[in-house]
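Dear colleague,

I am passing on the structure shown just below, and after it I set out what was found when it was examined. Please read the notes with the coordinates open beside them.

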Amino acid sequence: MKWIAYLCLLTAAGCGLPKEEMTITRKDTSYRALGNYYWDEIARLKNQQLNVSKVVRINGQADSALVRDSASLEALFRPLMDADISKPSLADAYDADTIVNQLVAGDTTFILQSKGKQTNPYQLILDVDRDGRIKTARVTAYTSNLVYEYRQEILYERSRQLRVSTFQKIIFMKPEHLEVQAWFLPAKA
């Protein structure tokens, strides 16, 4: 009988929680949450109906194509989305520097660099305008050990271009170099 009274007491106490603790966590749209930020950027690009032209180079051989669907646009932005450093496990994994642009009021550059070798991406440099929009993003990632070497450089300029350059070398195999460059062009009327 005692445990029923105890259960009722716990139930009643749980119902009286302060409303401040019951707030729903909103989606992080800060510059650190690149995954969420670039989903919004993809939606913006689709709404603007920009022509997206891409060139893919693999070990010196090139091919070009127009990006026509959402899945291809998502695939282009995937390396940037994967550079999301807003995860709680990465909270103390980066040193952060902030540089305020003295020439353009409100523009700020955030430089985040990994404190350790195992953190990916290694470095993230974001130029953010006064409205919180990313103007340019530069991401550097690398991994190296006795068997495997991997380097990736990403450059995104808002409404202009996205460039992803990846180098991969596995022991006893030929090195691979992949470069994808996409341009965002206004649609012709």
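Is Asn-59 buried, partly exposed or exposed? With a relative accessible area of 33%, Asn-59 counts as partly exposed, because that value falls between the 20% under which a residue is buried and the 50% over which it is exposed. Asn-59 sits in the loop between β1 and β2, and its phi is positive, about 50 degrees, although the residue is not a glycine. Please keep in mind throughout that this is a predicted model.

To begin with the overall layout, the chain contains 3 helices and 9 strands, and along the sequence these follow the pattern α-α-β-β-α-β-β-β-β-β-β-β. Of the 189 residues in the chain, 31% are buried. Among the contacts with a separation of 6 or more, 41% are between residues 24 or more positions apart. The accessible surface of the chain is about 12800 Å², and carbon and sulfur atoms account for 56% of that surface.

The sheet comes next. It is an open sheet of 9 strands in the order β2-β1-β9-β8-β7-β6-β5-β4-β3, and the pairing is antiparallel. Because β2 (61–67) and β3 (94–100) stand at the edges with a single partner strand each, one side of each has no neighbour in the sheet. On average, and with direction ignored, neighbouring strands of this sheet are turned by 10 degrees against each other.

Several of the strand pairs can be followed in detail. Strand β6 (residues 134–144) pairs with strand β7 (residues 148–157) over 9 bridges in the antiparallel sense, and within this pair Ala-141 has Gln-152 in β7 as its bridge partner. Strands β1 and β9 run antiparallel and are joined by 8 bridges, with Glu-179 in β9 as the bridge partner of Arg-57. Strands β8 and β9 are likewise antiparallel and joined by 8 bridges, and here Gln-161 stands opposite Trp-183 in β9.

Two of the helices can be placed against these strands. Helix α2 (residues 34–48) lies across β5 (123–128), β6, β7 and β9 (176–185), and runs at about 130 degrees to β6. Helix α3 (residues 70–81) packs on the sheet, where it touches β1 (51–58), β2, β6, β7, β8 (161–170) and β9, and its direction makes about 115 degrees with that of β7.

The connection between β8 and β9 deserves a separate look. These strands form a hairpin with 5 residues between them, and Phe-172 in the turn has a positive phi of about 70 degrees, in a residue other than glycine. Phe-172 is exposed, with a relative accessible area of 82%. Met-173 lies in the loop between β8 and β9 as well, and is exposed with a relative accessible area of 53%. Both residues belong to a nonpolar surface patch of about 700 Å², which is made by Leu-146, Val-147, Ile-170, Ile-171, Phe-172 and Met-173.

Finally, what is the setting of Ser-114 in strand β4 (residues 108–114)? Ser-114 has a relative accessible area of 8%, and is therefore buried. Leaving aside its neighbours within four places in sequence, Ser-114 is in contact with Ala-93, Tyr-94, Thr-119, Pro-121 and Tyr-122.

With best wishes

Key: Residues numbered from 1 in each chain as written. Predicted model: local features only at pLDDT ≥ 70, side-chain atom pairs only at ≥ 80, totals over all residues. Heavy atoms only, no water. Pairing = 2+ DSSP bridges. Helix = DSSP H or I, 4+ residues; strand = E, 2+ residues; numbered from the N terminus. Axes fitted to C-alpha atoms, helices over the stretch in contact; angles between N-to-C directions. Contact = heavy atoms within 4.5 Å. Buried < 20%, exposed > 50% of the residue type's maximum accessible area, 1.4 Å probe, protein only. Areas by Shrake-Rupley, 256 points an atom, 1.4 Å probe, with all protein chains shown as cover. Patch = residues over 30% accessible without salt bridge, like charges linked within 9 Å, V, L, I, M, F, W, Y side chains within 5 Å. Salt bridge = Lys/Arg side-chain N within 4 Å of Asp/Glu carboxyl O.
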